[in-house]
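Got the model loaded in your viewer? Follow along, selecting as you go.

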Amino acid sequence: MKRLVVITVGKTHCGKSTFARELENELENSFVLDQDNHAEFVNRHYKKIQPKTEPNTLKHSISKLIAEYAIENTDLHIIVSSANRTRKGRKYLLKEVYNKDEFIRILVNFDIPDEILKERVINSKRNTNILRGAYSNFEQVLIRQQAESLHEDVVDPGEGEADYLYIIKNSKEVNSTIKEIVKISKCK
């Protein structure tokens with residue numbers, strides 16, 4: 001039987017982690033692979049060896065190791081909570097890590113307006129211990145992500161990129177999306 005992989009897509013404070021935890025509570029036999037947890041672990045225990053300005057390859061290596069372990073040693077559905085905003089990055093995940101022979105692949109794109117995200121980051125009580133380098137708060141992260149949106153490869157997921165695509169434009173759509181994903185898991 002195929003397992004599900006649910007991959008979230010979106011900017012900081014759009015609701016990816018909250019969605020992932022809520023889905024995990026409803027989707028039997030699942031777990032959340034959240035890169036924020038890996039960033040916090042690296043910052044707490046291995047801050048001296050992580051890259052200062054380059055991509056956080058140490059965090060990504062930990063995420064990859066956990067994904068590979070879960071694929072090879074469990075039968076769990078996997079909920080991937082990280083930004084996943086580049087087409088190239090999603091293609092790698094969907095073709096190389098979570099291939100269509102083993103997984104029903106679901107993308108959940110959080111298309112929340114920037115003005116709502118800005119309000120959320122300004123009022124955020126979230127711990128900043130996952131941040132590194134030049135970023136000391138989530139407002140700076142959001143500004144960087146807004147600028148990255150101009151890059152050619154930073155695009156919203158499109159139809160056909162995965163087996164299913166859900167777009168969440170506001171928090172009212174979260175519960176119905178979770179119900180749809182749970183329904184898919186029962187029909188596989």
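**Whole chain**

Colour by secondary structure first: the protein chain has seven helices and five strands, where helices (H or I, at least four residues) and strands (E, at least two) are DSSP runs numbered from the N terminus. This is a predicted model, in which local features need pLDDT of at least 70 and side-chain atom pairs count only at pLDDT 80 or more, while totals for chains, interfaces and linings use all residues. Residues are numbered from 1 along each chain as its sequence is written, and side-chain values use heavy atoms, with hydrogens and water left out.

Walking from the N terminus, you meet the elements in the order β-α-β-α-α-β-α-β-α-α-β-α. The radius of gyration, 16 Å, is close to the 16 Å that the globule rule gives for 188 residues, so the chain is as compact as a globular protein of that length (radius taken over C-alpha atoms; the rule is 2.2 Å times the number of residues to the power 0.38). Buried residues, meaning those under 20% relative accessible area with a 1.4 Å probe, protein chains only, make up 44% of the 188 residues.

**The sheet**

Now show just the strands. They form an open, parallel sheet of five in the order β2-β3-β1-β4-β5; two strands pair if DSSP finds at least two bridges between them. β2 (30–34) and β5 stand at the edges with a single partner strand each, so one side of each has no neighbour in the sheet. On average, neighbouring strands are turned by 20° against each other, direction ignored (axes are lines fitted to C-alpha atoms, for helices over the stretch in contact; angles run from 0 to 180 degrees between N-to-C directions).

Select β1 and β4: seven bridges pair them in the parallel sense, and Leu-4 has Ile-104 of β4 as its bridge partner. Next, add the helices that pack on the sheet. α3 (residues 57–73) touches β1, β2, β3 and β4, and its direction makes about 165° with that of β2. α7 touches β1, β3, β4 and β5, at about 165° to β5. Contact here means heavy atoms within 4.5 Å.

**Strand β3**

Which way do the residues of β3 point? His-77, Ile-79 and Ser-81 point one way, Ile-78 and Val-80 the other. Five of the five residues of β3 are buried, so the strand is largely enclosed by the rest of the structure. β3 is joined to β1 by three bridges and to β2 by five. Look for Val-6 with its partner Ile-79, and Ser-30 with His-77.

**Just past β3: Asn-84**

Step into the loop between β3 (77–81) and α4 (87–97) to find Asn-84. Is Asn-84 buried or exposed? At 15% relative accessibility, it counts as buried. A polar atom of its side chain lies 3.0 Å from the backbone oxygen of Ser-82. Not counting residues up to four places away in sequence, Asn-84 touches Ile-7, Thr-8, Val-9, Arg-90 and Leu-93.

**The nonpolar cores**

Finish with side chains. A nonpolar core is a set of buried Ala, Val, Leu, Ile, Met, Phe, Trp, Tyr and Cys residues joined through side-chain atoms within 4.5 Å. In the largest, of 29 residues, Val-6, Phe-19, Leu-23, Ile-106, Val-108 and Ile-181 touch the most other members. α7 gives the most to this core, with five residues. Apart from it lies another core, of 18 residues, including Leu-93, Val-97, Leu-107 and Leu-165.

Last stop, Leu-23: leaving aside neighbours within four places in sequence, Leu-23 is in contact with Val-6, Ser-30, Ile-79, Ile-178, Ile-181 and Val-182.

Note on methods: Buried means under 20% relative accessible area, exposed over 50%, partly exposed in between (1.4 Å probe, protein chains only). A polar contact is a pair of N or O atoms within 3.5 Å; within protein, one must be able to donate a hydrogen and the other to accept it, and residues adjacent in sequence count only if both atoms are side-chain atoms.
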